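Student: I'm new to this one. Could you take me through a single part of it up close, the aromatic rings and what sits around them?

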Amino acid sequence: GTTFVFRGHHFWRLGQSGQVPGYPQRISDVWGIPSPIDTVFTRCNCEGKTFFFKEHQYWRFTNGDMDSGYPKLIIKGFGGLTGKITAALSVAKFRRRHESVYFFKEGGTVQQYTYLQSPSKPCTNIRNSQFPVYLAKNHGRQLRIARDTGDSQKHIFQMNSAVHTYSRHQTGKLHREVSISLHWKGLPSVIHSAVSVQNPKKPEGYDYFVISKDMYYSVEPTIQTASLASTSRQPSISKDWYHCP
């Protein structure tokens, strides 16, 4: 699988062996959208489309190519969603739970958008696809990616995807905006990034992580709880995921 890490006006590409040569590159040059972006996420479904958010607009991509008709207004495409979005956590459909995206905002709030339509047929031709991670701030650290992330890290940058046709008119429901600290036990009120990671050992197929500064948390969307994802005394994205000192 492949990961894209976005920061400022640039992005990095990671493969199974670490950073891909030729990066960083400018976001606007490759993706054709203005930078810096506010957040980016890929839907946890068979189609796996990627969404970039910046200010009041969003762009949608399929397999690295921008879909026609974009950018569009966030408020129209996501049921009236407004506010300064700092991170988006995509959550897969599982049993009776609908596919959703949780939008974390400035001011310590979060708002859930639920997709009401499901695929008309099961996923087929599953393959590994590109998966984005967005880190908003470096907190004084230079971004350095280890050449070899090790077997325990490789799954972090993979997800399932397959070619699939959805209904032309996708609809969803935007839930009320709530306090992160009151409704997500264990999470801080300031969230900088979020990512959904393929894990075939999990019944729903994904692990979910939320990032605050250089700390990262494992979250359970169904019961809305979180815990530090690392067993180390000082869990760190830089050390645990990228092996930065």
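Tutor: Here's a walk through the aromatic pairs, then a cluster and two charges. This is a predicted model, where local features need pLDDT of at least 70, side-chain atom pairs count only at pLDDT 80 or more, and totals for chains, interfaces and linings use all residues. Residues are numbered from 1 along each chain as its sequence is written, and side-chain values use heavy atoms, with hydrogens and water left out.

Rings of Phe, Tyr and Trp (its six-membered ring) pair if their centres lie within 6.5 Å; planes under 30 degrees apart are stacked, over 60 edge-to-face, and the rest tilted. That rule gives 24 aromatic pairs. One of them is F11 with Y23, edge-to-face at 5.5 Å centre to centre and 70° between the planes. F11 sits in strand β2 (residues 10-15), while Y23 is 12 residues away in the loop between β3 (18-19) and β4 (25-26); strands here are DSSP runs of E, at least two residues, numbered from the N terminus. Both F11 and Y23 are buried, meaning under 20% relative accessible area.

Now for F104 and W184: their planes are at 65° and their centres 6.2 Å apart, so this pair is edge-to-face. F104 is buried at 0% relative accessible area, and W184 is buried at 1%.

Then there's one aromatic cluster, formed by F41, F51, F53, Y58, Y70, F78, F103, Y113 and Y115. A charge sits over a ring if NZ of Lys or CZ of Arg is within 6 Å of the ring centre and within 35 degrees of the ring normal. R43 lies over the face of Y115, 3.5 Å from the ring centre, and K72 lies over the face of Y70, at 4.7 Å.

How values were computed. Helices (H or I, at least four residues) and strands (E, at least two) are DSSP runs, numbered from the N terminus. Buried means under 20% relative accessible area, exposed over 50%, partly exposed in between (1.4 Å probe, protein chains only).
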